[in-house]
Amino acid sequence: MADAAAKSANLVEVRSLSKVFATRASLFGRQRSMTAVGDVTLDIPRGRVTGVVGESGCGKSTLARLVLRLLEASRGQVLFDGVDLASLPGSALRRLRRRMQFVFQDPYSSIDPRYSISRALLEPMRVQGKALDAKQSTDHVQRLMAMVGLNPALARSYPHQLSGGQKQRVGIGRALALQPEFLVLDEPTASLDVSIQAQIVALLEKLKQDLGLTYLFISHDLGLIRYFCDRIVVMYLGRVVEVLPTASAPPRHPYTRALMDSTFEPDPLRRRVINRLSGEIPDAFNLPPGCAYAPRCPNATGRCRIERPEIIFDGEHALACHHPLQ
Ligand SMILES: Nc1ncnc2c1ncn2[C@@H]1O[C@H](COP(=O)(O)OP(=O)(O)OP(=O)(O)O)[C@@H](O)[C@H]1O
Ligand code: SF4
Ligand SMILES: [Mg+2]
């Protein structure tokens with residue numbers, strides 16, 4: 001099965017993936033549940049950049065963690081190169097994990113601040129149980145630093161001595177340490193200045209070309225997503241509402257249209273935040289029965305308020321709306 005799937009154009013296939021979080025409002029409060037990711041089906045083609053965009057809290061990071069199985073799904077499947085991640089025993093999952101890596105918004109959130117750059121870059125090897133002698137370690141660190149454009153003289157520096165852009169380069173270097181094929185990048189430039197953001201995006205573009213990587217790139221910034229990504233997945237309150245097959249494809253979902261209208265800055269790298277869209281966002285713990293976007297949608301009808309639109313795939317385009325834009 002893996003051999004057949006290896007020929008597939010998709011490196012990753014997400015099938016009906018859901019994550020429900022149960023929380024308690026207070027110690028004696030009633031338990032409530034919310035669907036952070038609901039029934040997401042998605043293909044991630046090899047060698048391309050699939051972007052996921054949506055407002056804060058729509059489930060982007062939860063989806064990212066589910067795709068890498070850093071979080072257990074409530075329902076659904078993730079197939080990596082044709083292999084269902086949930087079916088793998090721990091040792092096989094650990095081996096497969098080398099091929100898929102995460103780049104965080106804050107690269108040092110997952111690294112001990114007392115680690116030097118050199119140690120941070122060697123850590124993935126150590127975790128995988130690969131012993132390197134002193135010469136191999138130096139070579140490995142120097143190779144990674146060159147790949148991500150860091151001055152080799154910084155190898156003995158500590159995170160507090162680095163700029164935000166340099167720290168993110170270390171984060172990307174760590175992600176590349178085990179020669180992965182697939183990177184999930186969760187808002188990798190969101191905390192950086194605009195000019196530094198452009199440099200990191202250029203680096204990611206170059207690495208993708210040189211190493212033939214596949215990216216799942218997450219951002220709340222549609223301008224950046226349209227600039228960098230080949231395909232765009234739009235999420236609203238845990239669900240995919242539209243998949244655009246190219247960055248320039250015209251949107252057919254009213255929410256995608258509203259997002260595009262709100263990013264007016266012509267230079268994509270200067271658009272940092274989706275402007276507030278008008279209308280109430282429904283309470284994720286208490287979603288209305290129909291389309292979750294209905295309270296904000298100018299095209300909403302009675303049907304929209306009672307019947308949730310299913311996502312319909314038409315070739316590479318996908319849409320969940322009863323009254324799509326023409
Ligand atoms: N461990 C958790 N327990 C309970 N609820 C959670 C947990 N993780 C996330 N959530 C909730 O799930 C929803 C989706 O969160 P998520 O972090 O995936 O959104 P996001 O799109 O990444 O947002 P942002 O743009 O702010 O990073 C939010 O309402 C969040 O509060
Ligand atoms: S289903 Fe109805 S409310 Fe939802 S986006 Fe489409 S038109 Fe708007
Ligand atoms: Mg997030």
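These legends walk you through close-up views of the cavities and of ligand 2 in a predicted model.

**View 1. Two cavities turn up in the whole structure.** Let us begin with the empty spaces. Rolling a probe the size of a water molecule over the atoms shows where empty space is left. Searching the whole structure gives 2 cavities of 30 Å³ or more. The largest cavity holds about 90 Å³ of space, and the second largest has a volume of about 60 Å³.

**View 2. The largest cavity is lined by 13 residues.** Look for Cys-291, Cys-297, Ala-300, Cys-304 and Cys-321, the lining residues closest to the centre of this cavity. Sorted by class, its lining consists of 9 nonpolar and 4 polar residues, with no charged ones.

**View 3. Ligand 2 sits in the largest cavity.** Which residues are closest to ligand 2? They are Cys-291, Cys-297, Cys-304, Cys-321 and His-322, from a surrounding set of 13 residues. In this shell, 9 residues are nonpolar, 4 are polar and none is charged.

**View 4. The second largest cavity has 12 lining residues.** Good starting points here are Thr-189, Ala-190, Gln-197, Ser-219 and Leu-224, which lie closest to the centre of this cavity. Which strand gives the most to the lining? Strand S8, spanning residues 214–219, does so with 3 residues. By class, the lining of this second largest cavity comprises 5 nonpolar, 4 polar and 3 charged residues.

Technical notes
Residues are numbered from 1 along each chain as its sequence is written. Chains are lettered from A and ligands numbered from 1 in the order in which they are written. This is a predicted model: local features need pLDDT of at least 70, side-chain atom pairs count only at pLDDT 80 or more; totals for chains, interfaces and linings use all residues. Side-chain values use heavy atoms; hydrogens and water are left out. A residue is near a molecule or strand if one of its heavy atoms lies within 4 Å of it. On a 1 Å grid over the protein atoms alone, a cavity is a set of points where a 1.4 Å probe fits but cannot get out, and a pocket is an open set with protein on both sides within 12 Å along at least five of seven lines; lining residues have an atom within 4 Å of a point. A molecule sits in a cavity or pocket if more than half of its atoms lie within 2 Å of its grid points. Ala, Val, Leu, Ile, Met, Phe, Trp, Tyr, Cys and Pro count as nonpolar, Asp, Glu, Lys and Arg as charged, and the others, Gly among them, as polar. Grid points are joined across faces, edges and corners, and a volume is the space filled by probe spheres set on the points. Helices (H or I, at least four residues) and strands (E, at least two) are DSSP runs, numbered from the N terminus.
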